[in-house]
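User: I am in my first year and would like a close look at one part of this protein, taken slowly. Please choose one helix, describe its surroundings, and then show me how that part relates to the empty spaces and the cores.

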Amino acid sequence: MNTFYSSEKSIQILIALLKAHKIKKVVTSPGGTNMMLNASLQYDGSFDIYSSIDERSAAYIACGIATESGEPVMITCTGATASRNYMPGLTEAFYRKLPILVVTGTQDMRRLGNLYDQVIDRTVHAKDVVTFSTYIPSVRDEKDADSAALKINQAISALTLNGGGPSHINLETIYSKDLSIKQLPTVKIIRRIDYDDEFPELPDGKIAIFIGSHKQFSTQETALIDKFCEHHNAVVFCDHTSGYKGEFRQLDALLHMQNASCLQDIRLLIHLGEVSGDHFNMGSRAQEVWRVNKDGQLRDRYGKLTYLFNTSESHFLKSYTAQYKQTGTSFLQACKDDYKMHYAAVPKLPFSNIWMAKQLAPRLPENSTIHFGILTSLRSWDFFEISKTINSASNVGGFGTDGMLSSLLGASLVNPQKLYFGIVGDHAFFYDMNALGNRHLGNNLRILLVNNGKGCEFTHHLNPGHIFKNDVDLYIAAAGHFGNKSQSLVRNYARNLGMEYMTAGTKEEFVQNMDIFIDPKISKSCVFEVFTNDFDENEALKLITSTGKIDEMKKGVKDGVKNIVGQKGVNMIKGLFK
């Protein structure tokens with residue numbers, strides 16, 4: 001009977017990536033959970049396979065092969081004590097930094113701890129056995145397949161990362177007896193490029209940089225980014241956590257929500273920075289993503305990563321600038337023109353966090369700092385640009401509600417003669433309000449508290465919370481806590497701590513207090529509590545995210561009606577959108 005590749009998709013993906021990364025040498029030991037992998041490797045015919053019944057010996061054989069050939073070697077065995085017998089050889093490989101890829105077969109991990117035979121715990125390893133370990137469950141759908149490919153790419157990359165060493169894949173099997181697959185699937189290959197490696201050519205087409213949360217770029221670093229953009233007609237998309245204030249900076253939230261024409265057909269997105277508060281998934285716009293980070297980790301935020309450059313951003317930018325001639329700034333200009341157009345089209349907004357952001361963003365004092373609460377506050381302000389002299393930040397690392405005021409306080413202690421603004425919702429404020437009682441509090445804090453009495457994030461139309469028609473406030477949006485929009489609770493607390501207090505419940509009251517709130521003169525820290533409601537907050541978000549879609553709707557109706565009733569009908573329909 002002819003046999004081919006196993007029908008188990010995880011085995012197919014593993015073999016495809018071994019071939020892509022040119023790992024050819026395999027030392028295999030017999031067993032039940034790795035039987036289908038062994039059969040598939042044997043069918044493929046392109047691997048140099050060696051057999052060893054004793055797993056202790058197999059690991060040491062791999063050490064010898066790796067040392068002599070200078071190539072990575074895969075070893076594979078079944079579960080239970082077979083995998084334990086690898087430990088002496090892997091300890092040797094660890095201290096000699098030999099690239100040994102360990103693939104242990106495993107049963108369904110849900111059996112662990114339930115008295116199944118030959119199921120032992122490999123979730124924890126001795127520190128000096130492998131440098132990386134991952135678990136690949138049975139692949140059941142495309143998301144599982146993508147996850148498996150990423151994890152296997154990561155395991156293979158770890159063989160040579162930071163000097164190299166053994167890496168481990170715990171591969172689940174379903175004991176399929178089907179060996180009928182004749183062709184391996186197409187899988188995504190992610191390659192790591194180190195400092196001294198030859199860099200790939202930039203692809204033809206539009207190039208953009210996206211920066212997630214990042215420390216403030218120095219003048220020299222900013223100049224390198226700007227020079228790269230000049231030479232490649234590129235743009236830097238970012239939000240208020242990016243740390244980049246150069247000439248090619250462009251906030252992307254408003255553009256993305258309006259499906260701006262300048263965002264179409266981006267060939268390559270270069271990803272810098274860490275977790276981002278950008279909720280509009282800039283990566284979905286690009287065909288391909290390259291990530292640049294010295295941590296050397298394959299982090300595939302957008303599912304399109306093809307290269308990870310394990311080098312400094314400066315080295316990467318210099319490498320792709322020196323040999324290229326300047327090509328212009330037409331991409332940047334198109335983005336700026338689109339942003340101005342969509343900004344001008346923003347309709348009249350109700351009293352809300354977004355409306356306040358629109359009023360305050362262009363008027364914040366120069367050379368100040370602003371911190372945003374996660375989600376609602378950061379998203380609201382990401383639609384509007386602030387001065388390049390203003391540093392901005394948000395706790396997007398852990399992306400939790402807690403700690404915003406404490407982080408703001410800590411930052412303000414570094415420069416007592418500089419203004420520090422904070423934009424925060426009621427839940428985050430009360431979560432961390434004790435920070436305002438810290439005895440180190442200075443006179444340089446300006447806190448805008450947007451108090452709508454609940455977690456509006458769990459009621460707005462972009463969140464699954466909207467499916468609940470009744471009783472959303474009780475437990476989902478957690479309304480009614482902290483005095484239930486008390487008019488005196490925060491006022492008394494702030495004043496008792498020696499802070500100024502202002503309040504507003506309408507646009508007119510807000511405007512009356514706004515100049516005091518943004519006064520650049522440092523006199524006393526203050527809390528500006530603004531009372532809004534969830535309906536207005538949600539309506540503002542709906543309006544600002546549908547501005548461009550109104551034009552699309554107009555065109556769709558016009559084209560459809562024109563085919564039926566002609567131009568006269570079109571003119572009549574126009575009135576519906578005025």
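**Helix H2 and its surroundings**

Analyst: In this predicted model, the cover over the buried residues of helix H2 includes H1, strand S1 (25–28), strand S2 (48–51), strand S3 (73–77) and S4. Helix H2 itself spans residues 35–44, and seven of its 10 residues are buried, so that the helix is mostly covered, where buried stands for under 20% relative accessible area. The buried residues are Met36, Leu37, Asn38, Ala39, Ser40, Leu41 and Asp44. Just after the helix ends, Gly45 takes a positive phi of about 85 degrees.

One of the buried residues of H2, Leu37, also leads us to an empty space, since Leu37 is among the residues that line the second largest cavity. That cavity holds about 50 Å³ of space, and its lining also includes Thr33 and Asn34, together with Glu8, Ser10, Ile11, Thr76, Val103, Gly105, Leu171, Glu172 and Thr173. Helix H1 (9–20), strand S4 (100–106) and strand S6 (167–172) are the elements that give two or more residues to this lining. H1 and S4 therefore appear in two roles, as part of the cover over the buried residues of H2 and as contributors to the cavity lining. Sorted by class, the lining of the second largest cavity has four nonpolar, six polar and two charged residues.

A search of the whole structure finds four cavities of 30 Å³ or more, and the largest has a volume of about 80 Å³. The largest cavity is lined by 11 residues, and Thr376, Arg379, Glu537, Asn538 and Leu541 lie nearest its centre. Helix H11 (353–360), helix H12 (376–381) and helix H18 (534–574) each supply at least two residues of that lining, which divides into three nonpolar, five polar and three charged residues.

Turning from empty space to the cores, nonpolar side chains tend to be buried together in soluble globular proteins. The largest nonpolar core here has 87 residues, and those with the most contacts inside it are Phe237, Trp381, Phe383, Leu448 and Phe510. A second, separate core of 34 residues includes Leu14, Met74, Ala145 and Ile156. Returning to the largest core, we can look at Phe237, which touches, among others, Ala208, Ile209, Phe210, Ile211, Leu255, Leu263, Ile266, Met282 and Phe331, leaving aside residues up to four places away in sequence. The list of residues that Phe237 touches also includes Gln250 and Asp252.

Notes. Residues numbered from 1 in each chain as written. Predicted model: local features only at pLDDT ≥ 70, side-chain atom pairs only at ≥ 80, totals over all residues. Heavy atoms only, no water. Core = buried A, V, L, I, M, F, W, Y, C linked by side-chain atoms within 4.5 Å. Buried < 20%, exposed > 50% of the residue type's maximum accessible area, 1.4 Å probe, protein only. Contact = heavy atoms within 4.5 Å. 1 Å grid on protein atoms, 1.4 Å probe; cavity = no way out; pocket = protein on both sides within 12 Å on 5 of 7 lines; lining within 4 Å. Points joined across faces, edges and corners; volume = space filled by probe spheres on them. Helix = DSSP H or I, 4+ residues; strand = E, 2+ residues; numbered from the N terminus. Nonpolar A, V, L, I, M, F, W, Y, C, P; charged D, E, K, R; others polar.
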